[in-house]
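The following exchange examines how structural terms are applied to one protein. Each answer sets a value against the definition of the term.

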Amino acid sequence: MPYEVIIVGGSFAGLSAAMQLARARRRILVIDAGEPRNRFAKASHGFLGQDGAAPAQIMREGLRQLSAYPSVDFVHGHAVSASGEFDRFEVTLADGAAYAARRLVLAHGVADTLPEVPGLAERWGRTVVHCPFCHGYEFGDRPLGVLATGPLGAHQAEMLPDWGPTTLFTQGLFVPEPEVKARLDRRGVTVETTPVAALLGDAPGLEAVRLADGRALPLAALFTAPQTAPNGGLAEALGCAFQDGPTGAYIAADGRQETNVPGVFAAGDAARAMHNATLASASGVMAGVGAYQSLSLG
């Protein structure tokens with residue numbers, strides 16, 4: 001078998017896993033489709049040593065560094081299926097090419113299903129965002145909104161006033177319980193029950209939201225929690241177990257990032273409930289180390 005480990009996904013998690021295995025002198029293949037989840041974001045924030053750098057720039061530098069290791073190969077393509085068992089796995093691409101390895105690392109990320117509000121999709125990653133730690137600082141002290149996709153919206157809104165005055169748009173999906181409403185009141189959050197009908201301004205900028213009753217409320221940024229699902233269906237095909245998270249199911253993994261399928265590891269947003277560049281990279285490191293230990297120590 002030409003490869004010891006195949007890594008599906010070449011973003012923060014996948015490249016971090018690859019670096020550990022490359023330095024362990026393992027023969028590895030990184031398969032990447034070139035469509036990272038963070039491709040819509042102008043900058044990555046909160047990532048130590050990379051704060052403010054464009055995600056694509058970080059990945060280009062990671063690829064440059066990995067290319068110095070002779071045991072690493074790269075293939076551009078969509079992985080559409082995976083099969084096999086411990087010591088003998090196979091990954092097939094959309095063009096029909098197939099590659100085999102003794103271990104797999106699934107770092108293919110997740111797909112976001114955004115709320116269907118006119119003007120939202122074209123602002124995703126710029127003025128419509130999901131994480132205040134990643135994006136809140138740049139909008140500090142300006143009016144902010146939370147577009148609820150469920151009760152989790154109240155939790156987002158409760159955090160957000162540290163960055164700016166906050167309005168929670170419930171979108172008719174729920175009514176905050178009295179104790180939740182009391183916490184929102186203590187934080188100074190305005191609860192708006194009239195749904196957001198559209199986003200206003202020249203995209204990707206945001207000036208305001210228009211409500212269903214015709215009112216326009218000025219906003220600098222809108223936070224929301226899209227529904228997420230692991231990309232590609234590879235984990236399902238291999239028989240990996242899933243856990244329920246606040247925005248959708250994710251691949252279950254142990255402390256070494258190994259799934260319930262021996263020899264299959266998972267890392268990054270596809271294997272975490274909380275999504276963050278640093279956490280994705282850290283889980284990739286652990287998946288790479290876990291795959292190495294599995295190869296070397298059993």
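Q: Why is aspartate 87 called partly exposed?
A: The model is a predicted one, in which local features need pLDDT of at least 70 and side-chain atom pairs count only at pLDDT 80 or more, while totals for chains, interfaces and linings use all residues. Residues are numbered from 1 along each chain as its sequence is written, and side-chain values use heavy atoms, with hydrogens and water left out. Buried means under 20% relative accessible area, exposed means over 50%, and partly exposed is in between (1.4 Å probe, protein chains only). Aspartate 87 has a relative accessible area of 30%, and is therefore partly exposed.

Q: What makes the backbone of aspartate 87 notable, and where does the residue lie?
A: Aspartate 87 has a positive phi of about 80 degrees although it is not a glycine. The residue lies in the loop between E4 and E5; strands such as these are DSSP runs (E, at least two residues), as helices are (H or I, at least four), numbered from the N terminus.

Q: How do you know that strand E4 and strand E5 pair, and in which sense?
A: Two strands pair if DSSP finds at least two bridges between them. E4 (residues 79–85) and E5 (residues 88–93) have six bridges in the antiparallel sense, so the criterion of at least two is met. Serine 83 stands opposite glutamate 90 in E5. The two strands form a hairpin with two residues between them.

Q: What joins E5 to strand E6?
A: Four bridges join E5 to E6 (residues 98–106), and the two strands run antiparallel. Valine 91 stands opposite tyrosine 99 in E6. E5 and E6 form a hairpin with four residues between them, and glycine 96 in the turn has a positive phi of about 95 degrees.

Q: Why is aspartate 141 called exposed?
A: Its relative accessible area is 70%, so aspartate 141 is exposed. Aspartate 141 lies in the loop between H3 and E9, and its phi is near 70 degrees, a positive value in a residue other than glycine.

Q: What makes the contact between aspartate 112 and arginine 37 a salt bridge?
A: A salt bridge is a side-chain nitrogen of Lys or Arg within 4 Å of a carboxyl oxygen of Asp or Glu. The N to O distance between arginine 37 and aspartate 112 is 2.7 Å, so the pair satisfies the limit of 4 Å. The pair links distant parts of the chain, 75 residues apart: aspartate 112 is in strand E7 (residues 110–113), and arginine 37 is in the loop between strand E2 (28–32) and helix H2 (55–66). Because its relative accessibility is 22%, aspartate 112 counts as partly exposed.

Q: Why is glutamate 258 called buried, and with which residue does it form a salt bridge?
A: Glutamate 258 has a relative accessible area of 11%, and so it is buried. Its salt-bridge partner is arginine 256, the closest N and O atoms being 2.9 Å apart. Arginine 256, at 25%, is partly exposed.

Q: How many salt bridges does a search of the whole structure find?
A: The search finds 13 salt bridges. One of them is between arginine 215 and aspartate 213, whose closest N and O atoms are 2.8 Å apart.

Q: Which strands are the edge strands of the open sheet of five strands, and what makes them so?
A: The order of the sheet is E8-E15-E9-E10-E11, with parallel pairing. The edge strands are E8 (128–129) and E11 (190–192), as each pairs on one side only. Within the sheet, four bridges join E9 (residues 144–147) to E15 (residues 221–224) in parallel, and the bridge partner of glycine 145 is leucine 222 in E15.

Q: What makes a set of residues a nonpolar core, and which residues touch the most other members of the largest one?
A: A nonpolar core is a set of buried Ala, Val, Leu, Ile, Met, Phe, Trp, Tyr and Cys residues joined through side-chain atoms within 4.5 Å. The largest has 27 residues, of which Val5, Ile7, Phe12, Ile28 and Val105 touch the most other members. Its largest share, eight residues, comes from H1.

Q: Which residues does the cis peptide bond join, and what is its omega?
A: The bond joins alanine 203 and proline 204, with an omega of about 10 degrees. Proline 204 is found in the loop between strand E12 (196–200) and strand E13 (208–211).
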